[in-house]
Each structure stands twice: as structure tokens, then as C-alpha cells.
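Please look over the structure below with its sequence at hand. The paragraphs that follow lead through it step by step, from a set of annotated residues to contacts between chains and then to pairs of charged side chains.

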Amino acid sequence: MAAKKFTIDDVKHIAQLANLVLSDEQLQKIAEQLSSVIGYMSKIQALDTKGVVETSQVTGLENVFREDVVDEKRMLSQESALSNAKNTHSGYFVVDAVLEE
Amino acid sequence: MLLDKTISELAAGLRKKEFSSVDIVTECYDAIEKHGKELNAFITVIDNTTALTYAQKKDNERTENTSPLHGIPFVLKDAYITQRIRTTSASNVLKNYIPQYNATVYQKLLDAGAILIGKMNMDAWGHGGSTENTDFGPAKNPWDTTRVAGGSSGGPAIAIAARMSAFAIGEDTGGSIRNPAAWCNITGLKVTYGRVSRYGTIAYASSFDTVGPMARTAEDCALLLELVAGQDPYDATSSPHKVPKYTQKLTGNIEGIKVGIPKEFFGQGLDSEIKKSIDIAAKKFESMGAKLIELSMPMFDYGLPVYYLIGPSETSSNLARYDGIRYGQGRNQFTPETMRRIMIGTYALSAGYYDAYYKKAQQARTLFIKEYEKALSSCDVLLMPVNPTPPTKIGELMSDPLANLLADVYTTSQNPVGVPSLALPCGFTTTNLPIGMQLVGKMFSEDLLLNIGYAYQQETDWHKRKPGILESP
Amino acid sequence: MVTYKTIVGMEIHVELKTKSKMFCGCKNDPFHAPKPNIYTCPVCLGLPGALPVPNKKAVEWTIMLGLALGSEISLFSKFDRKNYFYPDLPKGYQISQYDQPIARGGKIVIASEAKQSFSPRHPELVSGSKIASSSRFNLIGTSRNDGKTIRIHRVHLEEDTGKLIHSTVNGKKVSLIDFNRSGVPLVEIVTEPDINSSEEAKAFLKKLHQIIRYLDISDADMEKGSMRLEPNISVKIMSLRINAKQSFSPRHPELVSGSKIASSSSTPRNDDESELPSYKVEVKNINSFNFVKKAIDYEVGRQIEILEAGETPVQETRGWEEKKGVTLPQRRKEAAHDYRYFPEPDIPPMRVTKDQISELRTKIPELPDVKLARFIKNYQLKPEDAARLTDEVELANFFEKCASQLSIINSKLSIQSLANWIINKKVDYTKASPEELIKVITATKQVKQVDEVELTRVIDQIIAANPQPVAEYKKGKTGIIMFFVGQVKRELKGRGDAVSIRKILQEQLK
């Protein structure tokens with residue numbers, strides 16, 4: 001895969017997926033930086049990985065579960081759960097109206 | 001100074017009542033008062049009256065059965081969740097966050113009677129190797145305050161070097177304990193992935209993150225690891241592997257130990273003074289009975305891409321919870337470096353690019369695992385550098401995003417594989433800047449690494465040197 | 001003449017009624033929580049540093065559901081992260097399963113007369129005002145009298161989100177968020193697009209609901225939100241308009257003429273079965289099985305109109321508006337749903353052995369179809385009675401307790417009369433005990449007995465009072481005896497049983 005040159009539109013799309021709001025200036029800068037960094041990281045394409053299974057965990061562990069019991073001591077009081085929120089109302093977290101659904 | 005002693009020396013002294021916890025903690029706060037602002041290692045300093053009152057309490061409670069850590073002051077990288085004590089991950093996103101629970105590692109230390117005196121400066125979210133990617137001002141290297149302390153666990157390393165704390169818990173995802181340990185002349189242990197519970201550690205890269213001790217000696221690290229290691233029901237990736245009594249395995253004897261020297265790690269790009277110091281250390285190992293073995297690890301060039309594709313991918317997901325609704329400020333408060341990493345990760349996981357980047361990196365990871373297995377089958381430990389250069393000038397790395405990433409070249413392959421590594425002081429440059437090296441072992445070989453470190457530290461005194469800043473009034 | 005085929009695939013979410021949540025030990029009871037945000041912890045609130053640990057029981061129950069549906073249980077499966085942003089999703093990702101779900105395949109067989117046809121002659125058969133006016137449409141469903149198979153595509157396990165409530169606070173429109181539900185175990189069942197009518201959809205859902213209730217793994221209550229469903233609806237054009245003279249009636253397919261059709265003899269030209277329409281419409285906000293039927297009927301009609309105009313319906317998500325009886329487009333969330341799935345690094349994968357699966361299989365209770373067959377056989381019940389009694393497992397169990405009680409006390413009551421009573425009187429099995437119920441039924445039947453003397457007296461009375469009918473009976477019109485039975489019963493005010501009355505009458509009338 002040839003080194004990709006990131007356009008403003010590319011970056012806008014990624015930023016939208018990442019829930020980041022960037023100014024045009026930031027977008028421009030990041031486009032250049034991504035081109036550079038991803039360009040460097042793209043050297044990985046040269047590696048022959050035919051038939052190689054991905055590793056997503058190195059523990060080798062399997063079947064780690066918890067029993068179906070209520071863990072009272074970890075449960076937070078309502079006050080504690082809300083304690084760091086900027087906006088609360090009658091025990092709820094509050095955000096500006098979400099239009100869908 | 002009391003804080004020149006090892007933890008076990010402090011513990012012994014406390015038991016014999018040669019000095020008190022209050023004495024030790026007072027020394028910490030004196031150092032903080034003298035050098036705190038200048039070095040900028042702390043984000044939150046625990047109120048000293050609170051700490052001293054607590055120290056007094058510990059002195060009163062001490063028995064012959066209390067832990068050696070009882071009454072010993074420590075600091076935490078500000079990535080560790082501490083109930084009721086502000087935790088920021090060095091980011092403005094969490095500048096006012098007061099957690100509602102304790103990290104497992106913190107709880108263990110509290111239960112042992114240790115005394116928290118500060119939450120430490122770091123590269124925000126672990127994103128960095130110099131403690132400059134922080135919203136709380138760059139931290140300074142106590143050996144040269146125009147230079148960086150390393151990162152991302154810079155604050156903890158500074159505190160130990162500058163005698164503001166007896167020990168610290170740092171966090172290593174791609175060198176974040178080893179890098180500042182080497183640049184500040186202290187000892188730091190990147191543990192085997194899963195050795196210590198990650199519950200309550202603000203996540204960077206979930207499959208790379210490790211929780212580890214930082215202190216002045218390998219022996220201290222052994223003592224700390226004994227306490228904090230072990231399976232945690234709150235962390236499904238924590239290992240059920242038995243926790244040995246690491247301190248009891250410190251024989252100081254490394255006769256017959258095979259030390260592998262992978263040639264790719266000593267090639268172009270490594271500062272000559274660092275190379276020289278590690279050569280001398282290797283010869284030291286030889287003189288202690290170890291055998292040096294040259295070998296090749298040709299995957300070397302792919303270490304950075306593997307790390308910098310998987311790490312940001314996981315971080316882009318781990319940082320998604322910071323939406324400002326339940327806690328924290330908005331996402332526009334992320335630093336440019338953090339935004340970059342989020343974007344890189346989002347891109348690498350996105351439709352059409354997943355196979356070429358994320359999947360490819362995870363396949364390369366498998367090859368790295370095989371390579372380390374092969375290398376470690378012909379030797380017991382691998383000797384590698386930690387940093388390619390001595391501590392950089394403040395601002396130098398931050399000015400070039402790619403150069404910033406490339407500085408991690410020696411410490412980014414161990415985390416994807418999961419193997420442990422001990423960073424040890426092994427010399428100084430002609431300008432009196434610290435040089436460190438790392439010993440990498442098989443999974444769960446911390447006992448071996450710590451013993452080699454301990455043995456080395458019986459024969460050398462690099463780790464005992466103190467930064468000049470401490471001599472000044 | 002154009003014909004259309006309804007194509008529906010169903011996506012169902014079911015909240016498991018484990019005691020604790022999917023990845024933490026918080027209490028799993030969002031619907032009955034007295035206050036918002038009281039059943040949360042660092043994990044399900046998505047606090048910094050928290051980590052998930054999966055609930056073993058939830059995994060076991062998902063496997064059991066897969067087994068009950070005849071699915072293949074994956075020996076190896078794992079969790080994956082589904083990344084997207086929404087205020088009710090605290091971590092900014094949902095822990096779900098992507099490419100290695102717990103179960104694949106399976107099926108539910110419904111008894112199908114579920115034929116949806118629009119006939120030009122009977123537009124009133126179609127619901128929705130739009131269709132009634134367009135009587136040119138013809139719609140075919142399947143019309144087989146044996147069971148129809150609805151294939152299951154997969155069954156997987158994930159976590160539920162918090163709940164958003166729309167409100168106005170201090171004059172400002174806001175969304176309130178409650179995380180009591182965040183992290184509750186959620187099973188997702190996806191079918192193949194095998195459903196071809198709203199009736200089939202309803203039948204399928206009822207069957208699935210019944211199986212879930214039998215397994216006792218969820219309340220599956222649509223009103224409480226512990227069962228949610230989303231049909232994916234499209235309409236396939238089954239044949240092209242050839243010429244104006246061509247007529248096609250769903251009732252008389254052999255009447256079709258025209259060269260293009262003739263080649264496929266008497267059945268309508270059926271396009272490649274596997275070829276699906278190029279679009280599908282997802283419909284949300286359906287809160288009952290009845291609404292599913294209405295929503296599908298409406299949506300199919302809406303899509304047909306668009307197709308009739310030569311256009312293709314937009315692929316989108318729509319919401320069912322019950323009050324207006326229509327679906328409306330929902331504002332699109334983001335441009336594209338790129339969930340960037342990747343394996344969940346915080347949770348080790350799961351491996352299950354064939355032995356473990358067998359063991360879980362033994363924990364599955366008798367399922368509805370098996371119980372139905374057994375009831376018909378063992379209790380000699382009519383299929384429709386057996387179906388009524390096994391509709392809910394609790395009722396079936398209650399019936400069986402009563403039935404066994406009958407034999408314990410050597411009662412003279414017949415199983416059939418017990419069944420009749422329970423069915424017709426709509427007995428509340430949660431309140432009645434088998435012993436008490438049997439006593440009541442027996443007593444009622446006894447009270448209904450009349451002593452022979454009084455019975456004979458009344459019969460004589462009726463015979464005497466009705467000479468004309470008596471004469472007709474004696475002439476041979478034996479059927480008229482029912483008139484006498486009726487009169488006797490009326491006089492006895494319902495007491496006495498028809499069989500004995502008739503016997504005595506026959507005697508008297510000789």
C-alpha cells in the first residue's frame with residue numbers, strides 16, 4: 001500500500017468517527033501529520049504475514065468469568081454516581097436534547 | 001538522607017524506632033518544598049498536614065507483623081484512580097475529576113499501610129515519552145532541568161530521584177516506566193502483562209498496559225512486586241500465575257546466566273555513549289559469571305509500527321468514554337498529541353483500512369511473540385538499551401510528532417509481546433546525564449530479572465548517585 | 001399485473017434476568033428501580049479505569065437459548081467492541097460479539113396459514129389507508145398448510161445501554177440519562193429474511209417469546225422493554241408487467257398467460273430465491289406484537305407505492321408512530337455506521353467443550369412443542385385445548401399439578417373437565433392452589449347435581465306441560481328431546497347434568 005496522503009476530507013471523516021471537533025487549521029495540520037506518521041507505519045506492509053493468525057491478547061487465558069451475584073460493595077450511591085457530572089436533574093444525567101428516537 | 005535508604009532499610013529502621021514515619025514523610029515534604037515547583041513532578045500534592053497526621057497514625061499502629069511498606073511514603077502516576085483524591089491523567093479533560101473508587105494497586109498499598117503523598121505528572125493518557133504532553137506543564141529532569149525527565153511516568157521517576165518519595169507506581173505501555181527510569185537514574189520494572197491488576201488504571205492500550213514499581217533499587221522493586229502482583233477478580237486479564245516471594249529469590253548470584261545481545265538493538269541510531277555504557281555493563285555481567293550471547297532479532301524495524309498501530313487503535317476506543325456527560329470536560333480539551341493518536345487509531349480500525357493496519361499489526365505481533373520466544377530459548381535474558389539518546393531538551397521531541405514516536409524504538413516491542421523488562425541505571429554521559437539499560441525476560445521471569453538487577457547493584461553504584469540539584473541549598 | 005412479496009428479517013433483543021449485570025456485579029433490575037442511577041458502579045457507568053468481567057450465567061443461558069433454537073453452539077467465541085458515540089453508551093463502545101458469536105443457525109417452525117394477499121376485489125383486507133386506494137396491487141405470501149420454517153441467522157450476547165428520557169428542564173429541551181439499565185445482559189437474535197407476511201412475523205415472535213419464557217431466562221416483556229424487536233422490511237417485485245391484458249390472480253395462478261410466464265407453468269415466476277431486494281428498511285419503536293403486524297402492513301404498503309412509481313425505497317431506519325399508524329423516517333445518526341469492531345482486549349475469549357454443551361442441554365426444560373405433544377397424548381386433550389394450556393409454561397405446570405392432584409385424591413373429575421374449567425374460567429394460576437381449585441370444581445359440579453326425586457318431578461311437570469312436543473317426539477322427531485332438556489334445565493335453574501336428564505326423559509317418553 002503506497003503511502004497515503006491525507007486530505008482534509010479524509011481527516012474530517014476520521015474526526016467525525018472519533019467524535020472530535022477540529023478547526024480547519026487543526027484539520028490541515030493533522031492531515032500533514034497523519035500522512036507522515038501513517039506513512040512511516042505503513043512499512044509494516046512489507047512484512048510477510050501470509051497465514052499468520054492475529055494476536056489480540058497475550059495472556060493465553062480463556063473462560064474468565066464472574067458468578068451471577070450482586071456485588072453490593074462496588075455499587076455506587078446515586079449521589080456518588082452523579083458526583084462529577086456538570087449537569088444533573090432529579091437523579092439523572094442531563095444532556096442537550098438528542099434528536100433521534 | 002533517610003530517603004537514600006532502600007525500602008527494607010527504612011522498614012527495619014522504623015521497626016527499631018531509629019526514626020519514624022513522620023521523619024520520612026517530613027523529608028519528602030522538605031524536598032517537595034525545595035524542588036517541587038522547579039521540577040514540576042506533582043499534579044496533586046497531598047496536603048502535608050493530612051499526610052503527617054496519617055504518618056503519625058502509622059507510627060502508633062506499627063507492630064512486628066505490619067508490612068515493610070507500613071508508614072512508607074509513595075507517589076502514584078496520575079493514571080491511578082484514587083477515591084476522593086483528584087485524578088487527571090495529566091489532561092484538562094479530567095482536571096476536576098474526583099474518583100468514586102480505588103484502583104486495586106492503590107488499595108493494596110493502603111491496606112499495607114503505605115502513605116500516598118502525591119499524584120504525579122505524566123504524558124496525558126500515557127501518550128508520550130517525555131512528560132511534555134501534559135496540561136500541567138512539562139516536568140523537568142532533576143539531573144538537568146533544561147531537559148525532560150522521560151515519560152510517560154516522568155513525575156514518579158523525578159520524585160524518586162529527587163528524594164521526594166520512597167517509591168512509586170508507574171505504568172508502562174511502550175516504555176513509560178523504563179524510559180523515565182533510565183533518564184532519571186532510577187530502577188523501574190515493566191512487569192509481564194497481567195502480572196499486576198489494571199483495575200483502576202486509566203487505560204491507554206488495554207492489551208499493552210502494565211502496572212509496575214519504580215524505586216531506587218531492584219530490591220525495592222522486588223518488595224513492591226510481592227505486594228501488588230496477583231490475580232484480581234475485577235481484572236479478567238490478570239494472571240492466576242503464582243506470585244513468588246521475589247525478595248527471597250534475590251541471591252545476588254548470576255553465575256551461568258545467559259545474557260543475549262540482539263545486534264539490531266545496537267545498530268545505527270543509538271547514541272555512542274549509551275552504547276559504550278551498556279557494553280561496560282555487559283562486561284560487568286560477564287565478570288559476575290554470566291555468559292554473553294550475540295543473537296539477531298530481525299523484526300526490530302517493525303516494533304514501532306506494531307506498537308503505533310495497535311496502541312492508538314485501542315486508545316481511540318478507550319478514550320471514547322470521555323464525552324463530558326458523566327464526568328470530565330469536553331473532548332476539545334485533548335492535546336494535539338492525544339488527538340493525533342486517537343485519529344491514527346480510528347483510521348487504523350476504520351472500514352477499508354482495518355485489514356491493512358490493525359489486522360496486519362496484530363499479525364506482526366504474532367511474529368514478534370515467536371521472535372522473542374526464539375531469542376529467549378537460547379538465552380535467559382536479553383540486554384537492550386532503553387533510549388536511543390540521553391534526555392532531550394524540553395520542546396525538542398514535541399516539535400516533531402514523528403521524531404517523538406521514533407524515540408520509543410527500543411521499548412515498544414516488549415509490550416505487544418507481554419514480556420517483562422527491568423530498567424536499571426548503568427552509567428552517565430560525559431555531561432552527567434543518566435544512562436539506563438533494560439533486561440528483558442520470558443513471561444513471568446521477574447524473579448530472574450530482579451535478581452540480576454540486584455546482583456548488578458551490589459557490584460555497581462550508579463543507582464546510588466544523586467542529582468546535583470539536591471546538593472544545592 | 002405486478003405481484004409483490006413481503007420480505008422481513010427480524011432482529012430481537014432480550015434482556016436476561018440474571019441477578020447481576022453482564023460485566024459487573026450491579027443489580028439487574030432496571031425496570032423496577034425506584035430511582036434513576038442507583039444500580040451503577042465504575043464498570044457500567046464507564047468510569048475511567050474500570051474493567052469488564054463477564055457473567056457466567058448469562059453465557060450459559062445464551063448457549064441454552066441457542067440449543068433450544070436448534071442453533072450450532074460455537075466451541076470458541078469472544079467479545080468484540082462495537083464503537084460509536086451516544087449519550088446512553090457510557091464507554092463510547094458496546095461490548096458485543098461480531099464475527100464469533102455464541103450460536104449460529106437454528107430455526108423456529110410456525111404453523112402457517114399466514115398468507116397475506118391483497119386482492120383487487122377486497123382492498124379492505126389490507127390495513128393502512130394508502131393501500132385501500134391502490135387496488136391494482138397483488139401481494140403473495142406463502143400459503144402452505146404445514147409448518148413454515150423461519151431460520152435463525154445467529155444468537156449473540158452483548159450489554160444493554162442506559163436509557164434516555166426526553167424532557168424539558170428550565171424551559172430547555174434536554175435528554176435525561178439513567179444508567180440503571182446500562183450493562184444489563186442482552187441477547188440478540190437475528191433471523192434470516194424468511195418472514196413473508198405480518199402474520200408470520202407475529203406468529204414467529206409469539207413462538208420465540210414462548211420458548212424464552214419456557215427457558216425462564218427473561219421476562220421478555222415488551223411493555224417493560226425486556227424484549228425489543230426491529231423488523232427489517234423490504235418488498236420484492238415477483239414478476240414484471242408484461243402487457244395490459246395479462247392478469248394474475250393469487251387464487252388462480254394457472255390463469256396466467258403470456259409467453260414470459262408460460263415457461264414457468266402454473267406458478268408465478270419466482271426469481272432466484274436468494275436474491276433479495278437491494279434495500280431494506282429497519283423499523284424501530286414497536287412495543288407489542290400487534291404493533292409489529294400493523295407496522296409491517298403499513299410499511300409494506302408504503303414501499304409498494306414507491307415501487308409502483310418505478311422507484312426504490314430509501315434504505316433507512318424508520319420509527320413506528322402508533323398514534324398515527326405510520327412509520328416516519330428517523331433522523332440519520334451519523335453518515336455511516338462504521339463500528340470499527342475489534343476483539344475486546346479486556347476479556348479473554350471463551351471456549352466450551354461438547355461435554356459442557358451436553359450438560360447445559362440437560363438443563364433445558366421441556367420445550368413448548370414437546371410439551372404440547374405430550375399433553376395431547378397423555379391427557380387425551382384436543383390440540384387446541386392442549387395449546388391453550390401450554391401457551392404459558394406456568395399454566396401448563398399448574399394444570400399438571402392439578403391433574404396429578406386429581407389422581408392423588410382419586411377424584412371423579414375428568415381431566416377434560418379440569419381443562420375446560422381452567423381454560424374457560426381463565427383461572428389465575430398465581431392465586432389458586434391445585435387442591436383448592438379441585439375442591440371448588442368438584443363442589444360446583446356437586447351443587448349442580450339434583451336428587452333423582454326432584455329431577456323426576458320436574459321432568460314429569462315439563463312433559464305434562466308440553467303435549468304437542470311430546471306428540472311430535474313420539475311421532476319420531478327424536479331431536480326434539482333437546483327442547484325438553486332445555487326446559488328441564490331452565491326449571492332447575494341450571495342444575496343437573498344434561499346427560500342424566502336426557503336419559504330420564506327418554507325413559508319417561510317411552
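Which residues does the UniProt annotation "active site" cover? The model shown here is a predicted one, and the annotation, which comes from an unreviewed UniProt entry, covers Lys77(B), Ser152(B) and Ser176(B). These residues are spread over 100 residues of sequence, yet they cluster in space, with a largest C-alpha distance of 10.5 Å.

Lys77(B) is a good place to begin, and its position along the chain is in strand β2 of chain B, which covers residues 73-77. Is Lys77(B) buried or exposed? Its relative accessible area is 0%, and because buried means under 20%, Lys77(B) counts as buried. When neighbours within four places in sequence are left aside, the residues in contact with Lys77(B) include Lys119(B), Met120(B), Ile169(B) and Glu171(B), and among them are also Ser152(B) and Ser176(B), the two other residues that the annotation covers.

Between Lys77(B) and Ser152(B) there is also a polar contact, in which the two side chains are joined at 2.8 Å. Ser152(B) itself is found in a loop of chain B, between β5 (144-148) and α5 (154-161), and with a relative accessibility of 0% it counts as buried. Not counting residues up to four places away in sequence, Ser152(B) touches Lys77(B) and Ser176(B), and its other contacts include Asn121(B), Asp123(B), Gly128(B), Thr131(B) and Glu171(B).

A salt bridge involves Asp78(B), which is paired with Lys119(B), the closest N and O atoms being 3.0 Å apart. Because Asp78(B) lies in the loop between β2 and α4 (104-112) of chain B while Lys119(B) lies in strand β3 (residues 115-120), the pair ties together parts that are 41 residues apart in sequence. Asp78(B) is buried at 0% relative accessibility, and Lys119(B), with a relative accessible area of 0%, is buried as well. Lys119(B) has already appeared above, as one of the residues in contact with Lys77(B).

Chain B offers another salt bridge, in which the side chains of Arg62(B) and Asp59(B) meet at 2.9 Å, N to O. Arg62(B) counts as buried at 15% relative accessibility, and Asp59(B) counts as buried at 16%.

In chain C, Asp194(C) forms a salt bridge with Arg151(C), and the closest N and O atoms of this pair are 2.7 Å apart. What does this pair tie together? Asp194(C) lies in the loop between β12 (185-191) and α3 (198-215) of chain C, and Arg151(C) lies in strand β9 (residues 147-159), so the pair ties together parts that are 43 residues apart in sequence. Asp194(C) is buried, at 12% relative accessibility, whereas Arg151(C) is partly exposed, with a relative accessible area of 43%. Elsewhere, salt bridges that share partners join Arg198(B), Arg81(C), Glu344(C) and Asp346(C) into one network. Over all chains, a search of the whole structure finds 53 salt bridges.

The next topic is the interface between chain A and chain C, where 37 residues of chain A are in contact with 60 residues of chain C. The size of an interface is often given as the accessible area lost when the parts come together. Chain A and chain C bury about 4,200 Å² between them, and 58% of this area is on carbon and sulfur atoms. The count of salt bridges between the two chains is two, and in one salt bridge Arg351(C) is paired with Glu62(A), with the closest N and O atoms 2.8 Å apart. Between chain A and chain C, 24 residue pairs are in polar contact. On the side of chain A that touches chain C, the elements that give two or more residues are α1 (8-17), α3 (78-82) and β2 (92-96) of chain A, and the largest share, five residues, comes from β2(A).

The last topic is the cysteines. A disulfide is a covalent bond between the sulfur atoms of two cysteines. How many disulfides does the structure hold? The count over all chains is zero. Cys221(B) is accordingly in no disulfide, and the nearest cysteine sulfur, that of Cys184(B), is 14 Å away. Cys221(B) counts as buried at 0% relative accessibility, and Cys402(C), at 0% relative accessibility, counts as buried too.

Definitions and conventions: Residues are numbered from 1 along each chain as its sequence is written. Chains are lettered from A and ligands numbered from 1 in the order in which they are written. This is a predicted model: local features need pLDDT of at least 70, side-chain atom pairs count only at pLDDT 80 or more; totals for chains, interfaces and linings use all residues. Side-chain values use heavy atoms; hydrogens and water are left out. UniProt positions are given in the numbering used here, feature names are shortened, and annotations may be inferred rather than shown by experiment. Helices (H or I, at least four residues) and strands (E, at least two) are DSSP runs, numbered from the N terminus. Buried means under 20% relative accessible area, exposed over 50%, partly exposed in between (1.4 Å probe, protein chains only). Contact means heavy atoms within 4.5 Å. A polar contact is a pair of N or O atoms within 3.5 Å; within protein, one must be able to donate a hydrogen and the other to accept it, and residues adjacent in sequence count only if both atoms are side-chain atoms. A disulfide is a pair of cysteine sulfur atoms within 2.5 Å. Buried area is the accessible area (1.4 Å probe) that two parts lose on being put together, summed over both. A salt bridge is a side-chain nitrogen of Lys or Arg within 4 Å of a carboxyl oxygen of Asp or Glu.
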